[in-house]
Structures are given as structure tokens and as C-alpha cells.
Amino acid sequence: MSWMYTPYAGILWATAFLSAFVAWLISRRPKTEGSLPLELLLAAMSLWALTSGFSAASVGVGQKLFWAKIGSIGGVSTPTLFLIFALNYSLQRRWLDWRSGFSLSFFPALFLLAAWTNEHHGWIWASFTYSPTEPNAIIFGYGAVYFIFLAYGYILTLIGLMLLVRIWLKAASPYRQQTGFLLAGAMPPVITGILYPLHWTPFPGLNGIPVSFLVTGLILLTGILNHQLFDPMPIASDELIDNMHDGVMVLDAWDRIARINPFAEKLLDIAAQGSIGLPAAAVLTFWNNLQQRFVDHKETVTEVQLTADPPRTLEVHASPLADRRNQFAGRLLIFRDITERMAARDKLARNVEELKVVNHISLIVSSGLDVEGILKALYEQCSQVASVDVFYVAMTEPDSPLVNIPIYYEEGHFLAGASRDIQDNPGLIGSVIDTRETLYLRDNDKQVTHPVMKPNMVPRRPSRSYVGIPLIARNQVIGVMSVQNRRPGAYTEDQVHLLERIAMQAAIAIENARLYAKEQRLAIIDELTGIYNYRGLIELGNREIERIRRFNHPLSVLFFDIDGFRNLNNTYSHTAGNLVLRAVVDRCSSILRSVDIFVRFGGDEFVILLPETEVKNAEVVAKRLVEVVSASDIPTPYGNLRVGISVGVSCLTDANMDLISLIDRANQAEHFSKKSPQIKVNTAPLV
């Protein structure tokens with residue numbers, strides 16, 4: 001081979017060395033997006049410049065054509081590798097699959113095949129003419145295939161440039177500056193690549209494209225050494241922001257929207273295309289409220305409500321942005337949908353509130369054994385949970401269709417509840433008892449359960465919202481708790497749920513109180529006769545004495561025993577005596593009022609307290625008792641027996657104001673009646 005060194009060849013070899021050196025520098029740095037394709041691109045440029053230098057120094061067309069064929073490997077690879085680099089750098093790797101790989105390699109392979117077989121067709125290099133001005137330079141005339149591939153290469157290069165320009169427009173400093181170096185380095189080959197085929201060069205026959213790689217290498221070298229080009233950096237920030245599952249919005253110093261990611265568009269229901277550059281106040285309905293919480297450009301975390309359907313709650317993290325001079329340049333807003341978290345927090349708060357209410361009811365269960373007190377406490381708890389216009393508790397009786405309403409509240413007053421036979425008139429109470437489930441009527445048109453109406457009472461407006469909850473204890477419905485309101489739809493599902501929990505605990509409290517009351521009653525009831533015993537006399541009698549003193553009402557006491565009862569027991573046995581005792585109690589009870597307190601004082605001695613009864617009326621009652629007891633025989637296993645009683649009467653006076661002394665005076669009067677068999681009733685003298 002013949003050689004002739006020229007300055008042009010030296011420049012090309014320097015370009016090849018510089019391109020290889022820059023590729024080596026990039027390979028020594030940590031791998032970043034696009035660094036490997038760029039290394040291959042610089043290697044292809046180095047090969048192209050190196051072979052172009054050999055071609056420039058060669059003498060003769062054949063030798064120059066040989067080096068041109070070898071250099072075509074770098075020439076056909078350059079646009080393809082540039083596009084691959086741009087796709088990687090811009091994080092568009094999804095386009096790099098086997099289909100695109102086949103397409104990108106198909107046309108370069110055809111061009112190489114045409115170049116290496118050019119002698120047979122001249123599709124690449126059609127003519128060779130020595131340059132009239134440059135020594136040892138040949139002006140190549142190009143064929144049709146060369147221009148086809150040139151167009152193809154420029155299409156790839158244009159796509160790559162568009163990707164880089166897009167990154168440059170969207171990136172923030174310093175990443176925009178680094179992308180700018182890449183664009184600047186790409187422009188010299190692009191410009192000279194346009195001028196050379198058109199022969200618009202000052203040096204005919206000299207290909208300026210490989211020479212332009214020298215400028216490209218110097219630009220990239222400057223960027224690497226002085227501007228951290230291809231240092232590890234979040235070049236993926238755009239895609240990272242776009243793929244975040246939090247809304248991201250960037251505002252400038254004047255609170256205009258500069259950037260918004262797709263998730264924020266969806267979350268805030270706005271379109272980025274129409275909102276970029278607009279004031280945040282014109283796009284965000286909650287901006288004025290949000291802006292008031294920003295203080296002195298400090299980092300702020302707050303919450304805002306979106307008036308959506310259903311409503312949503314957003315957590316907003318606002319961070320100030322600063323420029324190189326550390327001056328305020330805008331804000332970074334990160335929106336996170338915390339609706340579910342807030343719902344969970346509210347649910348937890350409701351659960352805590354429920355636990356407080358349930359705990360309060362539990363305290364009643366453990367400490368409160370008075371049914372009336374429990375029912376009033378139950379009303380107080382329900383009124384704290386929901387608005388109550390009407391409240392009542394209907395209690396059932398075992399093996400009975402009757403329901404009793406011991407408490408009925410309406411518009412600030414506790415009224416007397418009316419009992420009802422739910423077999424004949426079940427109403428809402430009967431429905432709740434029958435289904436054993438909560439009944440919530442959001443708009444009830446009539447009120448079927450009323451208090452006992454007094455003559456001066458005016459019927460009130462019916463409740464519209466009705467909640468009836470069964471009170472279940474030991475798997476039995478013991479009653480129904482009802483909460484009502486005049487407004488329709490007054491209660492939420494959460495309120496009804498909490499009322500159910502209250503009712504669950506209240507049922508236990510009520511049942512315990514009823515059992516306790518039953519035990520207490522049994523403790524003051526005489527087992528043989530079924531009337532009160534001495535303990536019941538003391539408990540109920542003292543209570544009655546206090547009431548009489550408070551209201552200054554009359555009270556009389558009867559004391560009687562059965563004549564000859566000891567002889568009856570000795571003669572006929574205690575069995576006969578017990579039958580006589582029961583018969584006497586039954587006959588006396590038949591003429592007594594429900595308010596009268598009938599007590600077995602001991603043995604065959606009995607005491608009767610007659611509230612609201614003057615002494616004269618008490619004497620009438622005593623004589624009636626004597627008549628009823630002796631009116632007929634009492635059947636026993638030993639035959640029919642007839643007995644009589646002797647009665648002493650006393651009444652409450654200012655000098656005789658305690659229960660024991662009152663009973664003692666009646667007992668003394670009864671002793672006097674014993675001494676006169678014809679006088680069965682004797683009244684103690686007034687003192």
C-alpha cells in the first residue's frame with residue numbers, strides 16, 4: 001500500500017483517539033442510564049474516524065475504497081447506536097425489544113452488504129473524482145442506496161434528538177445542563193452530515209462528518225471533567241415522578257403550576273395539559289385554605305378535604321424549593337390520599353368511644369342493682385350517642401303476652417308507660433320481640449307506643465325515626481329498648497350499631513337487677529303464706545312511715561292473731577295449722593287493697609299497714625276481716641275446721657310516730673279484745 005500523510009489524516013486520527021479516550025472515561029464511571037450505548041457509539045465514531053484517516057492517507061482509488069468499506073461499519077452503526085442511547089437515556093427502553101432490534105439492524109446490514117459489493121452495482125459509490133484543490137483527495141459520487149440509507153440514518157438521529165430535547169425541556173438544573181452537553185455534542189455530526197452529501201464544504205473531497213467527531217469528543221470530555229456528566233444522578237426523575245403512587249406538583253415562586261404527575265392529575269381531577277402555567281388557586285379549589293397554612297417558606301404537612309363524591313381527605317406535604325443562590329424558587333407539593341387511613345382513625349375513635357360507653361354500662365352491671373336507676377342511666381348513655389326525642393324500655397314477663405313500660409321519656413319528661421298485650425296488639429315492640437333483631441325505620445309515619453295519657457296532656461307529634469333494639473339476656477328477649485326522633489333519617493348506621501352495643505350490656509344489667517329484686521323480694525316474703533315477713537315489714541314499713549310524715553297523711557295498723565291456734569296445733573298437728581294459716585291469709589288478702597302491706601309478724605300473728613286510712617275506716621276493715629275469716633270452715637285432712645281472729649287497731653299520731661311503737665299499741669289493743677270474746681276488734685286509745 002502507498003501512503004501520503006496529510007494534516008487531514010492527522011486530525012482524523014486525533015479524533016479517533018479522542019473518541020476512544022472519552023469512551024474509556026465513561027466506562028470507568030459507575031453505570032448510568034445510556035452510558036453503555038454511548039460507549040459503543042463513541043467506539044463506532046472512533047472506528048469511523050480511524051478508517052477515514054487511513055483512507056485520507058492512502059494513495060489510489062482502490063486503497064481509499066477499501067478503507068471506506070471498513071469505515072462503513074462505524075458509519076452505519078452511528079445513527080442506530082445514537083437512537084439506542086437516546087432511548088436508554090430517556091428511559092424509553094420499552095421500545096427496545098427483539099422486533100425493534102431486528103428492524104434497527106436490518107437496514108444497516110443491507111447497507112454493509114451493498115458497500116462490500118459496490119464493484120458489482122455502484123449503489124453506494126457511483127463515481128470517483130480527484131479533488132481539484134486538495135492533494136490526494138477523491139470526491140466520491142454517491143448512488144441511490146447511499147441517499148436512502150442517509151435518509152434512514154437522519155430519521156433515527158432526529159428521533160434521538162427529539163428525545164433529548166424533551167428531557168432538556170422537562171429536566172431541572174443541573175440535569176438540564178448535562179442534557180445540554182449531550183445535545184451540543186450531537187449537533188456537529190448532524191450539521192456536517194447534511195452539508196457533506198450536498199458538497200457544501202470548503203474542502204472538496206474531505207468528509208467533514210468524522211472530523212466533527214473531534215468537536216463532539218471535546219464537548220463530552222468537558223462535560224465529564226467539569227460538569228459531572230454521567231456521574232450517578234437521578235436522570236430517571238421524570239419517569240420516577242410520573243410512576244409515583246403519590247400526587248406530585250411543582251409550583252414556581254409565584255405559585256403557578258410548573259409540573260404535575262399523572263397520579264396527581266387523577267387524584268385532583270385536573271388535566272396537566274390545561275393546568276401548566278396557571279395559578280394554583282385557579283386549579284385547586286382548596287388552595288386558599290391550603291395557602292394559609294404555609295408559614296415563611298417552611299416545610300409544611302397538613303390535610304385538606306376534597307368535595308368529591310364520596311368525600312376524600314388528602315395529606316399535603318409542601319417543601320420549599322431554592323435556586324443556586326438559595327433564594328425561594330417555588331414549592332414541591334406531594335399529595336397522598338389518606339381517606340382510608342382517616343376512616344380507620346375515625347373508626348378507632350368510635351371504637352374507643354364505644355368502649356367508654358360499654359365500660360360505663362359495665363360499671364352499672366357490677367354496681368347498680370336498681371332497675372329504675374339502670375333504665376335512667378341507660379337513657380343518659382343513649383342520649384350521649386344520638387339525639388333522643390322519645391325513649392322507652394318495654395319489659396316482658398315470662399309466659400305472659402303483657403309488656404310493661406317502666407320508663408317512658410318524651411321531650412324532657414319521664415312519664416308513666418302504658419302496659420300492652422302484644423298478642424292482641426303487637427305493634428313495633430312485638431315485631432322486635434318476634435324477630436329478635438334491631439328494627440330501624442328511617443321514616444315512620446305513626447307512633448304506636450304512647451305514655452299513659454293524662455286529662456291535661458296534649459298528644460305530641462309522632463316520631464319519624466324509630467330504632468327498636470331487643471334486650472336479650474340468657475338467650476331470652478327480656479324487653480325492647482327504643483330510641484326515636486321527630487326528624488326522618490336522624491340516625492346513622494354507626495349510631496345504631498353503638499346503641500345495639502349499649503343495649504347488649506344494658507340487658508345484662510337489667511336482668512341482674514331483676515334477679516336481685518326477685519332475691520330481695522324472696523328475702524322479705526314469708527315462704528309459707530306468700531305475704532311479707534318481719535324483715536319486709538321493717539323495710540317497707542319504715543319507708544311508708546317516712547312517706548306519711550313527708551305528706552302528713554293518715555296511716556292505721558291492724559294486729560291480729562288466730563284464736564286458739566296453739567291448741568289447734570297440739571290437737572291436729574302442725575300440718576293442719578299450716579293449712580289454717582294459708583286459708584286465713586287468703587281470706588284476708590281478698591278484701592285488702594294492693595297498697596296495703598300484709599305481714600306475717602311471727603307464728604299466727606299478723607300485721608296489716610293501711611296507708612291513707614283513718615282509724616274509723618281501719619275499724620271497718622278489721623271487722624270485715626273478722627267476718628271473712630270466720631265465715632266458713634277450712635278443710636283439712638282432720639276434717640273441717642273453723643277459726644276466728646282478734647284484731648287490735650292503732651293509728652299514727654304526733655306522739656306515736658315510729659313503726660314499732662305503732663305496732664306495739666295495736667298488739668296491746670288486740671290483747672284487750674282477747675279478754676272480751678264478744679268484742680273481736682279493739683282500738684288503742686289515741687295519745
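In this predicted model, the chain exposes about 35400 Å², and carbon and sulfur atoms supply 58% of that area. Of its 687 residues, 47% count as buried. The fold is built from 22 helices and 21 strands. Long-range pairings are well represented: among contacts between residues at least 6 apart in sequence, 61% join residues at least 24 apart.

A natural place to look next is the interior. The largest nonpolar core has 34 residues, and Phe391, Val393 and Met481 are those with the most contacts inside it. Two or more residues each come from helix H15 (371–385), strand E8 (390–396), strand E9 (402–410), strand E13 (465–473), strand E14 (476–485) and helix H17 (493–523). H17 gives the most to this core, contributing ten residues. Met481 offers a handy view of how these parts meet. Once neighbours within four places in sequence are left aside, Met481 is in contact with Leu378, Cys382, Phe391, Tyr392, Val393, Val467, Gly468, Ile469, Leu471, Leu499 and Ala503. Apart from this core lies another, of 31 residues, with Val580, Val585, Val647 and Cys651 among them.

Helix H18 (residues 534–551) repays a closer look. At 1.5 Å a residue, its 18 residues should span 26 Å, and the end C-alpha atoms are 25 Å apart, which agrees. The buried residues of H18 are Gly536, Leu537, Leu540, Gly541, Glu544, Ile545 and Ile548. Seen down the helix axis, these buried residues fall within an arc of 150°, so they line one face of H18. The face turned away from that buried side carries the exposed residues Arg543 and Arg550. As for partners, the buried residues of H18 pack against strand E15 (555–562), strand E16 (597–602), strand E17 (605–611) and helix H22 (659–675). Both ends of the helix have a detail worth noting. At the N-terminal end, Asn533 acts as a cap, with a side-chain oxygen 3.1 Å from the backbone nitrogen of Arg535. Just after H18, Asn552 takes a positive phi of about 55°.

Helix H21 (residues 615–629) can be read in a similar way. This helix has 15 residues and reaches 21 Å from its first C-alpha to its last, close to the 21 Å expected at 1.5 Å a residue. Within H21, Val615, Ala618, Ala622, Leu625, Val626, Val628 and Val629 are buried. Down the axis of H21, the buried residues fall within an arc of 165°, so they line one face of the helix. Lys616 and Val620, on the other side of H21, are exposed. Cover for the buried residues of H21 includes E15, helix H20 (574–589), E17, strand E20 (645–651) and strand E21 (681–683). E15 and E17 thus appear among the packing partners of H18 and also in the cover of H21.

Finally, a single residue can be followed in the N-terminal numbering. Leu47 has its place in helix H2 (residues 35–57). With a relative accessible area of 30%, Leu47 is partly exposed, because that value lies between the 20% limit for buried and the 50% limit for exposed residues. Leaving aside neighbours within four places in sequence, Leu47 is in contact with Ile70, Ile73 and Gly74. Leu47 and Gly75 are 28 residues apart in sequence, while their C-alpha atoms are 8.7 Å apart in space.

Methods: Residues numbered from 1 in each chain as written. Predicted model: local features only at pLDDT ≥ 70, side-chain atom pairs only at ≥ 80, totals over all residues. Heavy atoms only, no water. Helix = DSSP H or I, 4+ residues; strand = E, 2+ residues; numbered from the N terminus. Expected span 1.5 Å × (residues − 1). Buried < 20%, exposed > 50% of the residue type's maximum accessible area, 1.4 Å probe, protein only. Arc of directions from axis to C-beta. Contact = heavy atoms within 4.5 Å. Polar contact = N/O pair within 3.5 Å; in protein donor to acceptor, adjacent residues only side chain to side chain. Core = buried A, V, L, I, M, F, W, Y, C linked by side-chain atoms within 4.5 Å. Areas by Shrake-Rupley, 256 points an atom, 1.4 Å probe, with all protein chains shown as cover.
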